[in-house]
Amino acid sequence: MITLDTALRRRTAVRAAGLGAGVLVLALLLSLSLAVGTRGIPLGSVWTALLNPGDGSRESIIVWQLRMPRTLLGIVVGAALAIAGVVMQAVSRNPLAEPGILGVNAGAALSVVLAISVLGVSDAGDYVWFALGGAVLATALVYGLGVRTAGPGDGAQSRVRLVLAGAALTACFGAVTGTVTMFDTNTFDSYRFWVVGSLANRDTAVLGHVLPFIVAGALVALALGPRLNALALGEDVGISLGVRPGRVRLGGLVAITLLGGAATAAAGPISFVGLLVPHALRLVLGHDVRWLLAYSVVAGPILVLAADIAGRVVARPGELEVGIVTAFAGAPVLLWLVTRRAGRSA
Amino acid sequence: MTTRAVTLPGGIVLRVRPRAAVVIGLLAVVAVAVSGYAVLTGSYRLSPGDALGTFVGGGTATDRFFVLQQRLPRAVAALLVGAGLGCAGSLFQSVSRNPLGSPDVIGFTTGSATGALLSLLVLGPAPGSGTGVGVGALIGGLVTAGAVYAISSVRGAGGRQQLVLVGIAVGAMLASVNDYLLTRADLDAAETAKSWLFGSLNAISWPQVVPAGVALAVLLPFAVPLGRPLRLLEMGDDFATALGVRTARVRWQALLVGVLLTGAAVAVAGPVGFLALAAPQLARPLLRSSEAAPLTSAVTGAALLAAADLGAQRLLTPFQIPVGLVTGALGGAYLAWLLATGRSR
């Protein structure tokens, strides 16, 4: 018993150290994100500019007004998407679940398009509320279609169902979005830039708008961690441990919607982050949802910032939107996961 | 599923299933009737007699313009594209042994769209000039289909969901490429590309229709005889092999014919969504068998697209919406219904 206890304690220490290392990597990426761009700024000058916010120098303006808001937004959005991915995969016990590929984005997109076209909303900062509302509606629908119709213990079926429910709703919403943008050139022109998902040129106020939702969603998710763990052992075991599956699922749904919806509202649809991060973490950490949640707070921002920086470097002097970069990094990983899983179960 | 063997002169034995023959016949009548209605009505109405007159060289100049140049090519295109997609859908669904293994779900049509967008926006021919876009769509679709099939057959037969899941992943990636290409084009080009992306039969003319007709005429005779071995294949490889089906060869042929049919359809009309998924699904209960017969699916597809395009022309008059939006909305709702009622196996 003593050796087991020591081993456990040692593992916990290693994991805590790993988390610390992640924070260091994130700090490094943060400074890189402030330094890299069309106009590169040496790290030393970044530091000087950080210490002198209002001195009017060009470096200070670039760092504080352009790159700092976008970097912070990247961190918040990355964390939100990654946490949402962990919760969604745990709730649905579906390793393919992700807010982005499940129709949430299509719901947000439809809502944004209607806001621009019907209500004449022109300020990108105001898209936030509509995107959030559309995401809420879409999540509820996909969940209702994909999870509740599957029988108990029907793991493989519910996996596929959820993905397909997302595909079905994406098609429906997409058709309506298409009809609206078809007849409204101005709406189409705004929409085509929103839909690729970007951290650039977002109003600083956006961050303030979405932050409360993301914090609330993250708190719900962290609170659910232990119960999600119990539920992962199976519905019956979970109930015998005093967990009410229905309530946990509902809580998870609330967290996913707040996190995924707010992230999409702030940056547009960024897919694959919520899929990729939990998967990569599970390979290292195993299935303990509490550790997965803790790590995803750091790993999500690392991925999003890295993708954003890569997008700025690859297409110089222009840049690739972060949503494009994550799709290109994410799809091959999804493919690998699909073929790997099938190879094992065959 | 009673089968009657009819011996033709020359000793050729033709297997005819009366029910299938009746179903196919009725569907064909529906398809032609809907097309006929679309040709005769609209903002400029014609009597059937006048319309028939134009075919044999009669009618006023206006009649001839509307019937022969405007409405007929569009109606014929709807039938051809619908038939091609329906037939391709049944082949793909049989090979993947999955009712959801249709070309649009597995990312194939998204790939066609990427190819067409690249030729339209990057190589930059005059928008609407059919050939470049069609060739781009064909290449994009072929490359995507090849990639999806190759990736999903890595590590052997990995279950029947594999193809679908790989296709969804590839489709998601390509969709993001398409979005990106749209942001990099100027607004006019992006709008042209977008209306093509939805799948549209608006402004179609004979030079686009004729190649599709030729393609269908060549490919259908290859597709129809594959129906029987594919049905046996759906019951399992061992079973099929025992009955003398050369499984690998049948699968390979079905995929090739399916890809070419889809490519031909997409080159004409753009990626019309969900038709390839729905047509075989609707054909099955009509035949009262699990067999997704290529021919029945083709005729069902033709009837469906003719009806959907009629809706696309008339629903929001005077605006004509791309038919792909109609099939997308209907198809998404249909897929959702399949899931809700648990009929997707």
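A residue counts as buried when its relative accessible area is under 20%. This model is predicted, and the points below cover two buried residues, A:F272 and B:L305, together with the confidence in chain A.

**A:F272**
- A:F272 has a relative accessibility of 1%, so the residue counts as buried.
- Its place is in a loop of chain A, between α10 (245–267) and α11 (273–285).
- The phi angle of A:F272 is positive, near 80°, and the residue is not a glycine.

**B:L305**
- B:L305 belongs to helix α13 of chain B, which covers residues 294–314.
- Because its relative accessibility is 0%, B:L305 counts as buried.
- Beyond neighbours within four places in sequence, B:L305 contacts several residues of chain B, including B:A78, B:V81, B:G82 and B:L201.
- Also in contact with B:L305 are B:V272, B:L275, B:V323 and B:T327.
- B:R231 lies 74 residues from B:L305 along the chain, and 25 Å separates their C-alpha atoms.

**Confidence in chain A**
- Chain A has a mean pLDDT of 81, with 89% of its residues at 70 or more.
- Within chain A, confidence is highest in helix α12 (residues 289–314), at a mean of 91, and lowest in helix α13 (residues 322–345), at 73.
- The pLDDT is below 50 over residues 150–155 of chain A, a stretch with two contacts in the model beyond near neighbours in sequence.
- Residues 342–346 of chain A also have pLDDT below 50, and this stretch has four such contacts.
- Predicted coordinates should not be read in detail where pLDDT is low.

Technical notes:
Residues numbered from 1 in each chain as written. Chains lettered and ligands numbered in written order. Predicted model: local features only at pLDDT ≥ 70, side-chain atom pairs only at ≥ 80, totals over all residues. Heavy atoms only, no water. Helix = DSSP H or I, 4+ residues; strand = E, 2+ residues; numbered from the N terminus. Buried < 20%, exposed > 50% of the residue type's maximum accessible area, 1.4 Å probe, protein only. Contact = heavy atoms within 4.5 Å. pLDDT = per-residue confidence, 0-100.
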